[in-house]
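Reader: I would like a close look at one part of this model, namely the surroundings of a single side chain, followed by whatever neighbouring detail helps to place it. Please take it slowly and keep each statement tied to the coordinates.

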Amino acid sequence: MPKRVFFSDLSSSWDEQHAGQEEQERLRLFSGHFRLRPGDRVLDAGCGSGRLIPVVCDQIGLDGSLVELDFACGMIEINRSKPHPGNVTFVMADAHSLPLPDNDFDKVIALALLPHLDDKAIALKEFHRVLKPGGLLVIAHQMGREALDRLHGRSSEPIQRDLFPENAVLESLMAAAGFSAIEILDEPDHYVAWGQA
Ligand SMILES: C[S@@+](CC[C@H](N)C(=O)[O-])C[C@H]1O[C@@H](n2cnc3c(N)ncnc32)[C@H](O)[C@@H]1O
């Protein structure tokens, strides 16, 4: 089964499993790592059903804007159908080939996306291309890399081998894509990597 179908099939139960009140509060606390500023233009790559929308919008305010992007039509449809502020737009597309202009975003957030990208080098180059010079890529997971690899290893076939790259591998992929000032926070219960375009 293609991954986009796999994720589309999960879309109807995604909020129930991942966007309850407790999870949203946890996400809000975790979102300090996104380094968002009022007025930021933000790409939420692999946005799923949109649990980041309230968290990001509260921080960027009405002067900012948010693009929700996912390749699974089920995720985008559910996301778009929920009430959302007017500065949020939706794009159904693959992160390996973004239908978005160069130098457009202050932040690209990839929350729980990276292991699922089949060609990380290409996707990272795309994130770099759409960021403004000095813009920030944030790769974030609310789980440690080992727990994440165990979770994916126990999952169904399309994502069973979606394992996390070693830190040195990710760092060199990010550098090859053009990112500088790369930082990696590899903790037992969360993982964040930042790179500046
Ligand atoms: C684990 S879910 C995380 C969803 C959301 N970021 C969240 O934290 O709730 C991964 C999401 O990435 C999307 N995705 C995976 N590969 C993608 C790709 N190549 N391009 C765009 N979206 C992708 C999936 O459809 C899915 O919605």
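Author: What follows looks closely at one tyrosine, and then turns to a histidine, two backbone positions and a pair of helices. The model is predicted, and the values below are computed from it.

The residue chosen is Tyr191, which lies in strand 7, a strand made up of residues 191-196. Is Tyr191 buried or exposed? Its relative accessible area is 0%, and because buried means under 20% relative accessible area, Tyr191 counts as buried. Leaving aside residues up to four places away in sequence, Tyr191 touches a list of residues that includes Phe30, Ile139, Ala140, His141 and Met143, and also Phe164, Leu170, Ile184, Leu185 and Asp186. Arg145 is another of the residues that Tyr191 touches; these two are 46 residues apart in sequence, yet their C-alpha atoms are 6.8 Å apart in space. Asn167 is likewise among the residues touched by Tyr191, and here the side chains of Tyr191 and Asn167 make a polar contact at 2.7 Å.

A second buried side chain belongs to His116, whose relative accessible area is 13%. His116 is found in the loop that runs between strand 4 (105-111) and helix 5 (120-130), and, not counting residues up to four places away in sequence, it touches Lys3, Phe7, His152, Ile159 and Asp162. With Asp162, the side chain of His116 makes a polar contact, side chain to side chain, at 2.9 Å.

The loop between strand 4 and helix 5 also holds Ala112, which has a positive phi of about 60 degrees although it is not a glycine, and which is partly exposed, with a relative accessible area of 39%. Asn103, in the loop between strand 3 (88-92) and strand 4, is not a glycine either and has a positive phi of about 50 degrees; its relative accessible area is 47%, and Asn103 is partly exposed.

Turning to the helices, the axes of helix 2 (residues 21-30) and helix 3 (residues 53-60) come within 9 Å and cross at roughly 40 degrees, and the two helices are therefore oblique to each other. The crossing of helix 2 past helix 3 is right-handed. Gln24, Leu27 and Arg28 of helix 2 meet Pro54, Val55 and Asp58 of helix 3, and the residues of this contact divide into 3 nonpolar, 1 polar and 2 charged.

Definitions and conventions:
Residues are numbered from 1 along each chain as its sequence is written. This is a predicted model: local features need pLDDT of at least 70, side-chain atom pairs count only at pLDDT 80 or more; totals for chains, interfaces and linings use all residues. Side-chain values use heavy atoms; hydrogens and water are left out. Axes are lines fitted to C-alpha atoms, for helices over the stretch in contact, and angles run from 0 to 180 degrees between N-to-C directions. Helices (H or I, at least four residues) and strands (E, at least two) are DSSP runs, numbered from the N terminus. Angles under 35 degrees count as roughly parallel, over 145 as roughly antiparallel, 65 to 115 as roughly perpendicular and the rest as oblique. A crossing is left-handed if the near helix is turned anticlockwise from the far one by less than a right angle, and right-handed if clockwise. Contact means heavy atoms within 4.5 Å. Ala, Val, Leu, Ile, Met, Phe, Trp, Tyr, Cys and Pro count as nonpolar, Asp, Glu, Lys and Arg as charged, and the others, Gly among them, as polar. Buried means under 20% relative accessible area, exposed over 50%, partly exposed in between (1.4 Å probe, protein chains only). A polar contact is a pair of N or O atoms within 3.5 Å; within protein, one must be able to donate a hydrogen and the other to accept it, and residues adjacent in sequence count only if both atoms are side-chain atoms.
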